[in-house]
Amino acid sequence: MHKKIILLALLVSVVLGLSSCLGNDDEDTTTYSDDTAITAFSISTYKYLAHTTSSTGADSTYTTTASGTKYKFVIDQAKGLIYNPDSLPYGTDPSKLLISVTNKASGVTAYLPLDADGNERAEVLDSMRAYSTGDTISFAKPRHLFAFNILRTAYRKYLVKVNVHQQDSAAYQTVKVGTVETFSTLTGMKAFAWGDKMVVAGTHGSDLCFYTTDKNDGKNWEEIIPTSPANATFSSDAWKRVVATSDAVYLYDNDQIYASTDLKTWTASNMTLSSLATDGTSLDSLPSAYANLALIPSKTNVDMTITVLTGMADGHFVSWYGYYQSGRPYELVYGQPRAYRTNSDGTSSVQMYFPGTIVSATAYGSDLEALCWKQGSDGKAVTTMFTSKDKGITWQTDLSASCPITLSSVYGFAGDSSNWLWFIDAKSGEIVKYRQNYRGWTSENKDFIE
């Protein structure tokens with residue numbers, strides 16, 4: 001009730017002030033605007049549920065308060081809509097938000113009280129409450145704000161939607177795609193993304209073969225048997241050296257680079273390995289197995305794509321950095337013939353050399369993710385995930401990620417254009433997709449213009 005009294009008192013005081021603002025003068029020459037609008041809206045503070053880990057490793061939660069000013073709100077005056085494109089963090093309590101509102105020309109802002117079910121009461125002027133600095137208001141459901149002009153002759157109505165993430169941004173989601181028994185017949189396998197398709201390259205005995213599926217499917221795969229180019233026969237391990245660009249798929253075999261746009265018909269390319277190593281580095285450090293070409297859009301040139309060629313070379317996991325433009329030959333502007341792993345103390349790095357280990361890397365958004373597979377002393381597979389934030393030069397153990405399935409020595413690992421990491425085991429035929437939640441969120445327009 002006191003909020004109603006405040007609202008009425010504010011409005012009455014405005015009316016009374018009109019007759020007294022000039023003292024004893026006979027005529028009031030002050031002009032008051034009848035225009036009204038909310039010109040700024042922000043969240044001063046919010047409460048959220050935070051997680052912590054004790055010295056014993058036990059997880060616990062606690063409630064804390066944080067500033068919400070960095071979460072900008074869009075005010076759409078035409079639609080009467082106020083919302084935040086960048087959602088508040090997971091765990092935020094939207095029922096207890098301290099807000100800040102600016103009304104044009106010092107007008108009064110009001111809101112409707114809630115009923116027992118948390119819904120707004122009927123839109124009746126006398127039931128509205130005047131907003132004042134320091135009010136903690138619930139936005140668990142969309143709420144209306146009413147911006148009155150200073151004369152109370154008009155008001156503008158706004159719908160306020162406060163978006164809160166419903167997922168923990170750092171958590172991973174696992175999707176069991178299905179089982180493909182056909183893969184159990186493969187004696188070698190690698191996976192890679194090609195546009196909106198996922199491709200498995202492998203070998204049946206000594207015959208090269210490919211399987212493709214839509215990135216949104218994964219249960220239905222089409223087998224493609226390539227036609228060997230004239231005067232050549234692909235070797236049994238050719239699948240290890242297949243990479244894809246937006247234009248074509250390339251394969252290096254028999255000292256020759258081949259290209260295909262359908263995985264079936266292959267032609268000899270005029271591209272040579274010597275043209276790749278433009279920094280004069282020995283070609284011996286180019287990947288000879290488990291090669292992958294990661295394509296990462298450049299943030300400074302929309303027509304340019306950053307390329308990172310990774311794979312195994314003489315027991316080392318190697319990384320080459322370059323550029324690629326559609327319609328132009330693939331060029332490695334300079335090579336990084338060895339990838340480096342940061343030590344636990346972060347002070348130095350060592351070459352990534354893993355005897356008896358297979359390392360497969362893939363693009364993961366603007367980063368790179370690598371799966372390190374090794375057979376343990378007990379005969380069981382040991383897997384470790386690595387991440388690189390600098391396009392494959394240095395790598396750190398990704399403590400937030402883990403391999404979601406048991407992989408045999410024949411497996412595929414690749415990321416698709418929706419940032420899902422695919423894990424494919426040939427022996428069991430099991431396929432699982434794995435993604436950190438925030439990597440699946442869409443990017444909205446963040447030009448905060450009223």
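## Lys157 and its partner

Lys157 counts as partly exposed, with a relative accessibility of 35%. That value comes from a predicted model, as do the other values in this report. To be called buried, a residue must be under 20% relative accessible area, and to be called exposed it must be over 50%. Since 35% falls in between, Lys157 gets the middle label.

Which residue meets Lys157 in a salt bridge? The partner is Glu123, and the distance between the two side chains is 2.7 Å, N to O. Glu123 sits in the loop between strand 6 (109-111) and strand 7 (129-130), while Lys157 belongs to strand 10 (residues 155-161), so the pair ties together parts that are 34 residues apart in sequence. Glu123 is also partly exposed, at 39% relative accessible area.

## Other salt bridges

Side chains of opposite charge can pair when their charged atoms come close. The structure has a count of seven salt bridges.

One of them joins the side chains of Arg241 and Asp253 at 3.0 Å, N to O. Arg241 lies in the loop between strand 15 and strand 16 (242-244), and Asp253 lies in strand 17 (residues 249-253), so this salt bridge ties together parts that are 12 residues apart in sequence. Are these two residues buried or exposed? Both Arg241 and Asp253 are buried. They also belong to a network of salt bridges that links Asp237, Arg241 and Asp253.

Another salt bridge is formed by the side chains of Arg439 and Asp367, at 3.1 Å, N to O. Arg439 is in the segment after strand 32 (430-436) and Asp367 is in strand 27 (residues 367-375), which makes this a link between distant parts of the chain, 72 residues apart. Arg439 and Asp367 are both buried.

## An open sheet of four strands

Strands of a sheet pair through backbone hydrogen bonds, either parallel or antiparallel. Here, four strands make an open sheet with antiparallel pairing, and their order is 12-13-14-15. Why do strand 12 (188-194) and strand 15 (222-224) each have one side without a neighbour in the sheet? They stand at the edges, and each has a single partner strand, so one side of each is left free of a neighbour there. On average, neighbouring strands of this sheet are turned by 25° against each other, direction ignored.

At one edge, strand 15 pairs with strand 14 (residues 207-214) in the antiparallel sense, over three bridges. Tyr211 stands opposite Glu223 in strand 15.

## Cysteines

How many disulfides does the structure hold? The number is zero. Two cysteines can be described by their accessibility. Cys209 is buried, with 1% relative accessible area. Cys403 has 15% relative accessibility and counts as buried too, because the cut-off for that label is under 20%.

## The cavity

Rolling a probe the size of a water molecule over the atoms shows where empty space is left. In this structure the count comes to one cavity of 30 Å³ or more. The largest cavity holds about 90 Å³ of space.

Its lining includes Met189, Lys190, Ala191, Tyr290, Ala291 and Asn292. Ser360, Ala361, Tyr411, Gly412 and Phe413 also line the largest cavity. Which elements give two or more residues to this lining? They are strand 12, strand 20 (289-297), strand 26 (357-364) and strand 30 (411-415). Strand 12 is thus both an edge strand of the sheet and a contributor to the cavity lining.

Note on methods. Residues are numbered from 1 along each chain as its sequence is written. This is a predicted model: local features need pLDDT of at least 70, side-chain atom pairs count only at pLDDT 80 or more; totals for chains, interfaces and linings use all residues. Side-chain values use heavy atoms; hydrogens and water are left out. Two strands pair if DSSP finds at least two bridges between them. Axes are lines fitted to C-alpha atoms, for helices over the stretch in contact, and angles run from 0 to 180 degrees between N-to-C directions. A disulfide is a pair of cysteine sulfur atoms within 2.5 Å. Buried means under 20% relative accessible area, exposed over 50%, partly exposed in between (1.4 Å probe, protein chains only). A salt bridge is a side-chain nitrogen of Lys or Arg within 4 Å of a carboxyl oxygen of Asp or Glu. On a 1 Å grid over the protein atoms alone, a cavity is a set of points where a 1.4 Å probe fits but cannot get out, and a pocket is an open set with protein on both sides within 12 Å along at least five of seven lines; lining residues have an atom within 4 Å of a point. Grid points are joined across faces, edges and corners, and a volume is the space filled by probe spheres set on the points.
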